[in-house]
Amino acid sequence: MQTNLKDNWGFILFAVGSLVAYLGLVAVDWINGTLRDQFVTQTINWYLVAFVFFVILVVWGEKRPLSLRWVWICAILFRVLLLFTTPTLSDDVYRYMWDGYVATEGVSPFAFPIDSPELDYLDIPQRALANNTWMASPYMPVAQWIFWGLALVFPLHPFFFQLLMVIFDLLSGWLIYQLLILGNYPKHRLILYLLNPFVIVEVAHGAHVDAWMICLFLAAFWLTFRSEQSAKSIWSPILMAGST
């Protein structure tokens, strides 16, 4: 069910308040070069502002119709804003970059720990930024395909990993919407995922590979339930296995 945005003051309040919060996070990152260390209090404060407005929207959305068009616009806008921050709340993306890089050089990410002397000839700045250098990669092959593909095609920069994870994340939103339709649930409950600050920050800022995992998981369910014929397809268990 759609409604005119000008009549939906609850959504306007959410949109403006959330926009200010995400711009605040971007400002902290641009000014200080990090969202951590002595600036973590500012980060938490802006995050809490975003979360408060999210809760307001969830309550509002249960009582009044929401414009799904504007839900998607806000979801995309907030993610795009955080694409212009450098991941600092987590250093996982540098492990992704390292794994992808060594794979493009013909070395298995599972063969050696990052700090292994055997890999000294492959030394790049991302090596020192990656976490758990004492161990080989903990990420499974389906994730490694993503790391390898990005490292093969694009420069080794967090932005490209953030961008791809956002694409997977938005696709997950679309799949959730389709599942809500199939299950005859209220479509506006898409906001519980699509506008959730935790999801937005962890994916658009953190570039976490969980976005790929969730997308495969939801795709498996969608293929299973969209029709009886599709339930017989081999792709659903393959995607579920890939997610796992």
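Student: Where in the chain is the place of Asn132?
Tutor: Keep in mind that this is a predicted model, where local features need pLDDT of at least 70, side-chain atom pairs count only at pLDDT 80 or more, and totals for chains, interfaces and linings use all residues. Residues are numbered from 1 along each chain as its sequence is written, and side-chain values use heavy atoms, with hydrogens and water left out. Helices are DSSP runs of H or I with at least four residues, strands are runs of E with at least two, and both are numbered from the N terminus. On that footing, Asn132 belongs to the loop between α5 (125–129) and α6.

Student: Is Asn132 buried, partly exposed or exposed?
Tutor: The cut-offs are simple: buried is under 20% relative accessible area, exposed is over 50%, and partly exposed is in between (1.4 Å probe, protein chains only). Asn132 has a relative accessible area of 40%, so it counts as partly exposed.

Student: And what is the phi of Asn132?
Tutor: Asn132 is a residue other than glycine, yet its phi is positive. That backbone angle belongs to a residue in the loop between α5 and α6. Its phi is near 50 degrees.

Student: Which residue just after α7 takes a positive phi?
Tutor: Go to the end of α7 and look at the loop that leads on to α8 (191–194). A residue there that is not a glycine has a positive phi of about 60 degrees. Just after α7, the residue with that phi is Asn184.

Student: Is Asn184 buried or exposed?
Tutor: Asn184 lies in the loop between α7 and α8. Its relative accessible area is 71%, so Asn184 is exposed.

Student: How far apart are the end C-alpha atoms of helix α7?
Tutor: Helix α7 has 25 residues, 158–182. The expected span of a helix is 1.5 Å times one less than its number of residues, which gives 36 Å for α7. The model agrees with this, because the end C-alpha atoms of α7 are separated by 36 Å.

Student: Zooming out, how many strands does the protein have?
Tutor: From the N terminus on, the elements run α-α-α-α-α-α-α-α-α-α-α. So the count is 11 helices, and the number of strands is zero.

Student: What share of the contacts with a separation of 6 or more comes from residues 24 or more positions apart?
Tutor: The C-alpha atoms fill a box of roughly 65 × 55 × 25 Å along the principal axes, and 48% of the 244 residues count as buried. A contact means heavy atoms within 4.5 Å. Of the contacts with a separation of 6 or more, the share from residues 24 or more positions apart is 71%.

Student: Which helix holds Asp99?
Tutor: Asp99 is buried, with a relative accessible area of 1%. Leaving aside neighbours within four places in sequence, its contacts are Pro109, Ser137, Tyr139, Gln144 and Phe147. Its C-alpha atom is 8.7 Å from that of Phe110, 11 residues away along the chain. The helix that holds Asp99 spans residues 92–104 and is α4.

Student: What do Asp99, Pro109 and Ser137 line?
Tutor: On a 1 Å grid over the protein atoms alone, a cavity is a set of points where a 1.4 Å probe fits but cannot get out, a pocket is an open set with protein on both sides within 12 Å along at least five of seven lines, and lining residues have an atom within 4 Å of a point. Pro109 and Ser137 are among the contacts of Asp99. Together with others, including Arg95, Trp98 and Phe112, these three line the largest cavity.

Student: Which residues lie nearest the centre of the largest pocket?
Tutor: The lining of that pocket has 14 residues. Two or more of them come from each of α6 (141–153), α10 (210–225) and α11 (235–243). Nearest the centre are Met140, Ala143, Gly242, Ser243 and Thr244.

Student: Which residues does Ser243 touch, beyond those up to four places away in sequence?
Tutor: Ser243 lies in helix α11 and is buried, with a relative accessible area of 11%. Its C-alpha atom is 5.3 Å from that of Leu216, although 27 residues separate the two in sequence. Beyond its sequence neighbours, Ser243 touches Met213, Leu216 and Phe217.

Student: Last one: is Cys215 buried or exposed?
Tutor: Another cysteine, Cys74, is buried at a relative accessible area of 6%. Cys215 has a relative accessible area of 4%, so it is buried.
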